[in-house]
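I have a new structure open and want to get my bearings. These are my notes, in the order I looked things up.

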Amino acid sequence: MQYVSTRGAVGTGANSLIAGFVVTGQVSRRMLIRGAGPTLANLGVPGVLADPVLTLSAQSTGQVLRTNDNWGTGDEAPIIASAASAAGAFPFPAGSRDAAMIVMLPPGAYTVQLAGVGGGTGVGIVEVYDVDP
């Protein structure tokens with residue numbers, strides 16, 4: 001189930017792309033969070049963010065829970081690819097500089113920030129999927 005999907009201009013500092021979402025219920029949920037930039041060019045989007053980085057924070061405390069730059073470089077790459085396919089998300093090519101993470105989140109409000117590595121700017125998408133069965 002997709003929670004959030006928003007496309008926009010990613011700037012620097014306060015002009016990064018920010019999306020909020022809420023995990024409801026009584027139990028933690030496995031969430032796939034993606035920040036697309038380079039792969040959007042393959043879909044015909046001009047002026048894409050070349051190298052996105054994602055930051056996930058808890059809204060209640062502002063605490064950074066996780067960051068990701070270059071989704072395919074970590075041990076979770078096969079899990080992320082499988083979860084994206086099951087959720088119906090467009091695939092990220094192996095070696096792309098898109099960002100993604102898979103996390104277990106307890107009920108609460110969260111913020112995802114999409115920015116460019118090294119102050120890069122361009123068009124990006126933030127997506128949040130609930131990938132629990």
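Before counting anything, I settled what a contact is: two residues are in contact when they have heavy atoms within 4.5 Å of each other. I should also note that this is a predicted model.

**Entry 1: contacts along the chain.** I took the contacts between residues at least 6 apart in sequence and found that 76% of them join residues at least 24 apart.

**Entry 2: the layout.** I listed the elements and got two helices and eight strands. Read along the sequence, they run β-β-β-α-β-β-α-β-β-β. The radius of gyration is 14 Å, close to the 14 Å that the globule rule gives for 133 residues, so the chain is as compact as a globular protein of that length. I also looked at the extent of the C-alpha trace, which spans about 40 × 30 × 25 Å along its principal axes.

**Entry 3: inside and outside.** How much of the chain is buried? I got 45% of the 133 residues. The chain exposes about 6,400 Å², and carbon and sulfur atoms supply 53% of that area. For charge, I counted 6 positive and 8 negative side chains, with the centres of the two sets 4 Å apart.

**Entry 4: the cores.** In soluble globular proteins, nonpolar side chains tend to be buried together. I went looking for such groups here. The largest nonpolar core has 20 residues, and Phe21, Ile33, Leu56, Leu105 and Val112 are the ones with the most contacts inside it. Which elements give two or more residues to this core? They are strands β1 (2–10), β2 (17–23), β3 (29–36), β4 (52–58), β6 (99–105), β7 (108–116) and β8 (122–130). Another core lies apart from this one; it has 18 residues, including Ile80, Ala84, Ile102 and Val123.

I then picked Ile33 and listed its contacts, leaving aside neighbours within four places in sequence. Its partners are Phe21, Leu54, Leu56, Ala99, Ala100, Met101, Val103, Val112, Glu127 and Val128.

**Entry 5: the end of β5 and the loop after it.** Asp69 is in strand β5. Is Asp69 buried or exposed? I have to write partly exposed, because its relative accessible area is 30% and that label covers values between 20% and 50%. Setting aside neighbours within four places, Asp69 is in contact with Asp51, Pro52, Val53 and Val117. I also checked Asp69 against Ala99: they are 30 residues apart along the chain, and their C-alpha atoms are separated by 5.1 Å.

Asn70 comes in the loop between β5 (64–69) and α2 (77–87). Its phi caught my eye: near 70°, a positive value in a residue other than glycine. Gly74 lies in the loop between β5 and α2 as well, and Gly74 is partly exposed at 39% relative accessible area. From Gly74 to Met101, 27 residues along the chain, the C-alpha atoms are 9.6 Å apart.

**Entry 6: Arg97.** I finished in the loop between α2 and β6, where Arg97 is found. Arg97 is partly exposed, with a relative accessible area of 47%. Not counting residues up to four places away in sequence, Arg97 touches Pro38, Ala50, Asp51, Pro52 and Asn70. That ties back to Entry 5, since Asn70 is the residue with the positive phi. My last distance was from Arg97 to Asp132, 35 residues along the chain: their C-alpha atoms are separated by 26 Å.

Terms used: Residues numbered from 1 in each chain as written. Predicted model: local features only at pLDDT ≥ 70, side-chain atom pairs only at ≥ 80, totals over all residues. Heavy atoms only, no water. Helix = DSSP H or I, 4+ residues; strand = E, 2+ residues; numbered from the N terminus. Rg over C-alpha atoms; globule rule 2.2 N^0.38 Å. Buried < 20%, exposed > 50% of the residue type's maximum accessible area, 1.4 Å probe, protein only. Areas by Shrake-Rupley, 256 points an atom, 1.4 Å probe, with all protein chains shown as cover. Lys, Arg positive; Asp, Glu negative; His and termini not counted. Charge placed at Lys NZ, Arg CZ, Asp CG, Glu CD. Core = buried A, V, L, I, M, F, W, Y, C linked by side-chain atoms within 4.5 Å.
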